[in-house]
Amino acid sequence: MTTYRYTLADFYGQLRQLVLTGAAVAVACLIVTVGGSGALVDSYRQSAAAEVGPADVQASPRAAQGQLAGLTDGTAAWAWRVPGVAAVHTT
């Protein structure tokens, strides 16, 4: 019959290896996740730009015929002060 000796120093050595391995795996997962999400966002942005192209923003104070809803008068007035927003007046 074989007898195995396992000391406290051996246990701490194994525990240290386990912790370091776990930390390395966690860092690798973090790097892959951050890199992957950045690539995903860039891909979505490129797809949206290719499909839609450049578009101007228009602010309308009231719902025009055929639209579901417009902005309130105060919100439309605020939006018209934002650079790049084209004011569209519907009566």
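Here is a short walk through the structure, one selection at a time.

**Start with the whole chain.** Keep in mind that this is a predicted model. Show it as a cartoon and you'll find 2 helices and 2 strands. Trace them from the N terminus and the order reads α-β-α-β. Switch on the surface next: the accessible area adds up to about 8,000 Å², and carbon and sulfur atoms hold 64% of it. Of the 91 residues in the chain, 9% are buried. If you like contact maps, take the contacts between residues at least 6 apart in sequence: 38% of them join residues at least 24 apart.

**Now colour by confidence.** The average pLDDT of the chain is 76, and 66% of the residues score at least 70. Where is confidence lowest, and where is it highest? Strand β2, residues 85-87, sits at the bottom with a mean of 57, while α1 comes out on top at 88. Where pLDDT is low, the predicted coordinates should not be read in detail. The remaining stops take us to side chains.

**Select Y6, L8, F11, Y12, L15, L18 and V19.** Show these as sticks under a see-through surface. Together they make a nonpolar surface patch of about 760 Å². Click on L18, which belongs to helix α1, the run from residue 8 to 52. Is L18 buried or exposed? Its relative accessible area is 59%, and anything over 50% counts as exposed, so L18 is exposed.

**Stay in the patch and zoom in on F11 and Y12.** Two numbers are worth having here, as a pair of aromatic rings is described by the distance of the centres and the angle of the planes. The structure has 1 aromatic pair. It is formed by F11 and Y12, whose ring centres lie 5.8 Å apart with the planes at 55°, so the pair is tilted. How much of each residue can you see from outside? F11 is partly exposed, at 40% relative accessibility. Y12 is also partly exposed, at 46%.

**Move along to D42 and R45.** How many salt bridges does the structure hold? The count is 1. Put a distance label between these two side chains: they meet in the salt bridge at 3.3 Å, N to O. Both residues lie in helix α1, and they are 3 residues apart, about one turn of the helix. Turn the surface back on to compare the partners. D42 has a relative accessible area of 39%, so this residue counts as partly exposed. R45 has 52%, which makes R45 exposed.

**Last look.** Zoom out with both selections still showing: the nonpolar patch that includes L18, and the salt bridge between D42 and R45.

How values were computed
Residues are numbered from 1 along each chain as its sequence is written. This is a predicted model: local features need pLDDT of at least 70, side-chain atom pairs count only at pLDDT 80 or more; totals for chains, interfaces and linings use all residues. Side-chain values use heavy atoms; hydrogens and water are left out. Patches are made of residues with over 30% relative accessible area and no salt bridge: like charges are joined within 9 Å, nonpolar side chains (Val, Leu, Ile, Met, Phe, Trp, Tyr) within 5 Å. Accessible areas come from the Shrake-Rupley method with a 1.4 Å probe; for residues, only the protein chains shown count as cover. A salt bridge is a side-chain nitrogen of Lys or Arg within 4 Å of a carboxyl oxygen of Asp or Glu. Helices (H or I, at least four residues) and strands (E, at least two) are DSSP runs, numbered from the N terminus. Buried means under 20% relative accessible area, exposed over 50%, partly exposed in between (1.4 Å probe, protein chains only). Rings of Phe, Tyr and Trp (its six-membered ring) pair if their centres lie within 6.5 Å; planes under 30 degrees apart count as stacked, over 60 as edge-to-face and the rest as tilted. Contact means heavy atoms within 4.5 Å. pLDDT is the predictor's confidence in each residue, from 0 to 100.
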